[in-house]
Amino acid sequence: MSESLSGAVVEPPTTLRAVAAVPLREDLCRLIEQLEPRVTVIRDHALTAPMRGPADWSGDPAFHRTAQQQEAFDRMIDSADALFGIPDVDPAALARTVAANPRLRWVMTTAAGGGAQVRAAGLDRTALDRIVFTTSAGVHGGPLAEFAVFGVFAGAKNLPRLIGDQSEKTWPDRWEMRQVDELTVLVVGLGGIGAECARRFHALGARVWGTTRSGEPVDGVDRLIPLSDLESAVAEADAVVVTLPGTDQTHHLIDERIFAAAKPGLILASVGRGTVIDETALLSALDDGTVAFAAMDVFEVEPLPQESPLWSHPNVLVSPHTAALSSREEERIARRFADDATRLLDSRPLRAVVDTVEFY
């Protein structure tokens with residue numbers, strides 16, 4: 001049992017009416033119901049945009065509903081106790097159904113950074129307190145950690161030089177590459193993604209440091225760094241992996257001051273949110289050699305503007321925010337939803353709950 005805001009005892013529900021607010025394959029709807037039989041997944045595949053590829057939750061932009069279909073879609077969404085996804089991945093649609101549906105009690109966003117979408121909905125404090133918002137944070141940890149490892153290896157082995165010599169058919173004198181097992185890798189943010197990064201770098205023999213708010217130990221991390229000590233930690237690091245979410249507190253956390261503290265030859269991998277890194281400061285650090293190589297999967301503005309110097313910088317690898325994409329992502333998120341549904345029905349804490357003050 002739990003208490004309502006008024007203090008009255010509230011019996012937990014025995015079943016959950018969950019509506020698929022984004023495209024979700026029929027086999028995955030059935031999987032959720034098999035994993036948690038107390039859940040009924042309400043879906044109408046004719047009312048959601050078809051996916052163009054794996055985990056394309058927004059669906060084909062050419063898809064349009066008739067007025068009658070939109071009415072049916074809204075009616076379906078407004079009948080939910082819980083939503084799988086933000087309707088059409090549109091914060092305005094989320095705001096509409098929150099206002100229309102007082103029974104809605106849980107929304108799981110399909111994005112790891114779904115807190116930003118919740119924030120964009122502009123919900124009032126009453127709504128934010130009434131509904132639990134969760135994200136898929138952690139589901140993407142493995143693929144993003146692999147990209148981070150790839151980025152650090154690419155920097156350690158000087159991938160730009162290898163590609164340049166190959167394109168020019170140049171066979172230079174032998175030169176020494178850096179060894180990952182001799183590096184100190186600083187993981188900025190030890191959440192689900194950061195913990196996966198730490199585990200992999202530790203397995204490769206690197207010395208792993210990580211920033212933390214809680215101070216809780218993390219497997220594979222040799223030294224925990226308070227975020228307030230980031231500047232001094234960067235000064236000793238050979239590689240920095242940024243995994244933080246995009247919030248007001250993390251905006252441009254990696255800025256000119258942080259790069260000024262780094263020793264020359266730093267390798268940078270960015271797999272969190274692009275707003276954490278000041279790209280103007282990064283470009284200056286790349287140009288003066290402070291940053292030897294940057295592997296970037298996320299950017300301040302996406303798609304990356306054509307005029308951005310990052311496109312053509314010889315020591316930057318641009319990945320179009322695709323490192324997390326996996327053909328198994330949809331199943332992983334469906335399984336997460338089923339598990340959290342069980343937690344909700346059993347009055348246990350859900351995973352990856354959005355902080356509705358900082359929205360991460």
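This briefing covers the fold, the aromatic groups and a few individual residues of one protein chain. The model is predicted. Its average pLDDT is 94, and 97% of the residues score at least 70. The exception to note is residues 1–10, where the pLDDT is below 50. In the model, that stretch has 10 contacts beyond near neighbours in sequence.

**Overall shape and fold**

- The chain has 12 helices and 14 strands.
- Its radius of gyration is 22 Å, which agrees with the value near 21 Å for a compact globule of 360 residues.
- Along the principal axes, the C-alpha atoms fill a box of roughly 70 × 45 × 35 Å.
- Of the 360 residues, 48% count as buried.
- Among contacts with a separation of 6 or more, 64% join residues 24 or more positions apart.
- The accessible surface is about 17200 Å², and carbon and sulfur atoms hold 52% of that area.

**Aromatic rings**

- The structure contains 4 aromatic pairs.
- In the pair Phe147 and Phe150, the ring centres are 6.0 Å apart and the planes meet at 55°. That angle is neither under 30 nor over 60 degrees, so the pair counts as tilted.
- Both residues sit in helix H6 (residues 141–156). They are 3 residues apart there, which means a separation of about one helical turn.
- Their exposure is given residue by residue. Phe147 has 10% relative accessibility, under the 20% cut-off, so Phe147 counts as buried. Phe150 has a relative accessible area of 42% and is partly exposed.
- One aromatic cluster is formed by Trp57, Phe84, Trp106 and Phe337.

**Charges over rings**

- Arg65 lies over the face of Phe73, 3.7 Å from the ring centre.
- Arg223 has its charged end over the ring of Trp209, at 4.4 Å from the centre.

**Val208 and its surroundings**

- Val208 belongs to strand S9 (residues 207–212).
- Val208 is buried, with a relative accessible area of 0%.
- Leaving aside neighbours within four places in sequence, the contacts of Val208 include Val185, Val187, Ala198, Phe201 and His202. Gly220, Val221, Asp222 and Arg223 are also in contact with Val208.
- Arg223 therefore appears twice here: in contact with Val208, and over the ring of Trp209.
- Ala260 is 52 residues from Val208 in sequence and 21 Å away in space, C-alpha to C-alpha.

**Thr48 and its surroundings**

- Thr48 lies in the loop between strand S4 (39–42) and helix H2 (67–77).
- Thr48 counts as buried, at 8% relative accessibility.
- Not counting residues up to four places away in sequence, Thr48 touches Ala20, Val22, Pro23, Phe63, Arg65 and Phe73.
- Two of these contacts, Arg65 and Phe73, are also the partners in a charge-over-ring arrangement.

**Backbone features**

- The peptide bond from Glu302 to Pro303 is cis, with omega near -5°. Pro303 is in the loop between strand S13 (291–296) and strand S14 (316–318).
- Asn158 is not a glycine, yet its phi is positive, near 55°. Asn158 occupies the loop between H6 and helix H7 (159–167). Asn158 is partly exposed, with a relative accessible area of 27%.
- Ser347 is not a glycine either, and its phi is about 60°. Ser347 is found in the segment after helix H12 (329–345). At 41% relative accessibility, Ser347 counts as partly exposed.

How values were computed:
Residues are numbered from 1 along each chain as its sequence is written. This is a predicted model: local features need pLDDT of at least 70, side-chain atom pairs count only at pLDDT 80 or more; totals for chains, interfaces and linings use all residues. Side-chain values use heavy atoms; hydrogens and water are left out. pLDDT is the predictor's confidence in each residue, from 0 to 100. Contact means heavy atoms within 4.5 Å. Rings of Phe, Tyr and Trp (its six-membered ring) pair if their centres lie within 6.5 Å; planes under 30 degrees apart count as stacked, over 60 as edge-to-face and the rest as tilted. Helices (H or I, at least four residues) and strands (E, at least two) are DSSP runs, numbered from the N terminus. Buried means under 20% relative accessible area, exposed over 50%, partly exposed in between (1.4 Å probe, protein chains only). A charge sits over a ring if NZ of Lys or CZ of Arg is within 6 Å of the ring centre and within 35 degrees of the ring normal. The radius of gyration is taken over C-alpha atoms; the globule rule is 2.2 Å times the number of residues to the power 0.38. Accessible areas come from the Shrake-Rupley method with a 1.4 Å probe; for residues, only the protein chains shown count as cover.
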